[in-house]
Every structure is written in structure tokens, then in C-alpha cells.
Amino acid sequence: MRFQHPGCDVHYELEGPADGLPILMIHGFGCQLEIMRGCMEPAVATGKANERLLRVYVDLPGHGRSAKADLTLASSDALVACLLALMDHVAPKRPFAVAGQSFGGYLALGLATQHPERVLGLGLVCPLTLPDLGARQVEKLELIRHDNAFLATLSDAERESFLQLAVRADRQTWERFATEEAPGFSAANPAFMDAVDEHLPLSLSVDDALAEQPFEKPTLILCVRQDAMVGYRDQLRLIQHLPRCTYAVLDISGHNLQFEQPELFTSLTVDWITRLLSQPAFEA
């Protein structure tokens with residue numbers, strides 16, 4: 001599907017009942033919606049939550065099938081405004097939850113802090129919380145589990161791309177990487193991404209906004225010990241302003257925890273979804 005609006009032109013896909021609780025799924029920098037669909041649909045299918053949730057998967061401007069984007073959208077503030085316009089189109093005036101991975105987690109925090117009356121819950125997967133790369137406390141990338149015999153079957157280019165963030169490298173994680181993450185790398189618009197990188201900080205600081213008004217709705221923050229992109233320490237500072245937050249740090253995984261630790265990811269995400277649906281307004 002296509003949503004076109006002044007200042008916003010994006011591809012999006014819907015799953016689930018039109019009258020279900022909407023959840024906006026936001027992928028990370030340089031990816032596309034498949035990386036969120038691949039991890040969220042198995043979690044949603046558990047316990048038949050798929051019958052109660054309207055999942056909104058979007059290719060961010062400059063990414064995937066939204067790659068031909070106007071550079072006026074190349075900032076975190078503009079992307080948050082575009083995502084809100086999309087949700088106003090899909091679920092007019094209705095509150096919604098947000099799940100975001102990496103940079104998508106930063107945009108999810110932007111939605112929650114700028115529009116707290118609309119956002120019912122936050123699910124954050126290895127979220128970016130500090131836009132300044134030099135300020136982040138990141139970890140050393142360490143390949144802990146790997147199948148050398150399988151890695152030898154990949155081309156040099158495939159292996160190099162795969163191992164850039166990998167902590168667990170085997171056939172299973174490669175297949176998830178190749179189908180859910182790698183296609184986004186080739187589809188993304190480099191000029192747009194460079195422009196976003198220059199305008200990465202939200203104008204309203206997440207820390208300042210949460211300090212002024214804590215987010216008191218079901219929240220999940222999933223991090224990993226071996227994350228060389230965003231680490232796990234910086235996210236911890238947020239939970240003092242997130243009284244309904246589950247914060248977990250997983251071992252033997254890098255920035256792609258959703259397919260390096262899929263069972264734990266699904267279990268913790270199912271718990272978050274259960275908490276979302278257990279709010280008084282959505283109890284069956």
C-alpha cells in the first residue's frame with residue numbers, strides 16, 4: 001500500500017483486523033519492513049494475539065520501497081511527523097502502540113514523548129537512545145558462536161556483510177540476515193541516509209521529555225551484551241522514567257538480537273503484547 005501526504009510518501013503493509021489495537025512497526029537505519037515482520041509476526045501469532053492486533057509495517061522514507069524520498073524528510077523530527085501522519089491515515093484518532101528496532105527505537109521514543117496521548121506502549125529492540133555516536137557506551141564486537149564450515153560456503157562479499165554485526169554466525173542466522181536485513185541495504189537511498197545522519201537528534205530531547213512526563217504504559221527494552229552499535233548501558237538510564245518497563249540484556253548476541261536470540265526475543269515480546277492487551281481499554 002502507498003500513503004501519500006504532504007511531506008510523506010511511504011510504502012506500508014497491514015496485517016490483522018482493521019478494528020484491532022494498532023501497532024506501528026519501525027525498522028532500523030538502512031533496513032526495511034521485512035526486518036520487523038520477520039521477528040514480530042511469530043510473536044504476534046503466539047496466543048492468537050494476531051486476532052486482536054492491527055500490525056502496521058512501514059518502509060521509512062529513504063528505505064526499501066520508500067527509497068525515492070524528498071530530502072526535506074531527512075531528519076528524525078520529519079520522520080516522526082511522517083509516521084504520525086501515517087497512523088492518522090490508518091487508524092484515525094485512535095491510540096496505538098509502537099515497536100522499533102535500532103534507529104526505529106529512537107523514532108518510537110520520539111513518538112511517545114512528543115505524542116504521549118496517542119502512544120499506548122513501547123517495544124524497543126536494541127534501541128538507539130543517544131544520537132551522538134561518540135557519546136555512546138558500546139561494546140566490542142565478538143564472534144562467539146560460528147560455524148566455519150558453513151561460513152566457507154558464502155562468497156567473500158556475503159561473508160563480509162554478514163559478519164559486520166554478527167556474534168552468532170551459522171546457517172540459521174545467515175538465512176534470517178539474508179532475507180530480512182540484507183535486502184534493505186541494497187534498496188536504501190545513500191544520499192537520504194547521509195542527510196538523516198546530519199539531522200539525527202530530535203528537537204525535543206527524549207531524556208528531558210521523559211523527566212518532565214514519565215511514560216507510564218507497558219514498555220519493553222531489549223538489549224544485548226555484545227552490541228557494538230548502541231550498547232546496552234545507555235538505555236538503562238531511561239527506565240527511571242518508564243515505571244512499566246521490562247529491561248533485559250541478553251548474552252551471545254549482537255545488534256541483531258531478534259534472530260541471534262529468537263526464542264528469548266519472542267518470549268519477552270509476547271509478554272509485552274500481553275501487557276498491552278491487558279490494559280483496561282483492551283481487555284476482552
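1. A good place to start is the pair S3 and S4 (residues 53–59): the two strands run parallel and are joined by 6 bridges. Within this pairing, Leu24 has Val56 of S4 as its bridge partner. Strands here are DSSP runs (E, at least two residues), as helices are (H or I, at least four), numbered from the N terminus; two strands pair if DSSP finds at least two bridges between them.

2. Before going further, a word on the basis: this is a predicted model, in which local features need pLDDT of at least 70 and side-chain atom pairs count only at pLDDT 80 or more, while totals for chains, interfaces and linings use all residues. Residues are numbered from 1 along each chain as its sequence is written, and side-chain values use heavy atoms, leaving out hydrogens and water.

3. The wider sheet is open and mixed in its pairing, with 8 strands in the order S1-S2-S4-S3-S5-S6-S9-S10. Strand S1 (2–5) and strand S10 (245–250) are at the edges and have a single partner strand each, so one side of each lacks a neighbour in the sheet. From one strand to the next, the twist averages 20°. Angles are taken between N-to-C directions and run from 0 to 180 degrees, with axes as lines fitted to C-alpha atoms, for helices over the stretch in contact (heavy atoms within 4.5 Å).

4. Helix H11 (residues 262–277) lies across S3, S4, S5, S6, strand S9 (219–224) and S10, at about 165° to S9.

5. Now to helix H3 (residues 103–114), where 11 of the 12 residues are buried (under 20% relative accessible area, 1.4 Å probe, protein chains only), so the rest of the structure largely encloses H3. Its buried residues include Phe103, Tyr106, Leu107 and Leu111. They pack against strand S3 (21–26), H2, strand S5 (96–101), strand S6 (119–125), helix H7 (190–198) and helix H8 (206–212).

6. On the cysteines, I find 1 disulfide (a pair of cysteine sulfur atoms within 2.5 Å). Cys8 and Cys82 form this link, with their sulfur atoms 1.9 Å apart. Cys8 is in strand S2 (residues 8–15) and Cys82 in helix H2 (residues 76–90), so the pair ties together parts 74 residues apart in sequence. The link of Cys8 and Cys82 is right-handed, with 50° about the S-S bond. Cys8 is buried at a relative accessible area of 4%, and Cys82 is buried at 5%.

7. What about Cys126? The closest cysteine sulfur, in Cys223, is 6.2 Å from that of Cys126, too far for a bond. Cys126 is buried, at 0% relative accessibility. Cys245 is in no disulfide either, the nearest cysteine sulfur being that of Cys223, 9.0 Å away.

Note on methods: Buried means under 20% relative accessible area, exposed over 50%, partly exposed in between (1.4 Å probe, protein chains only).
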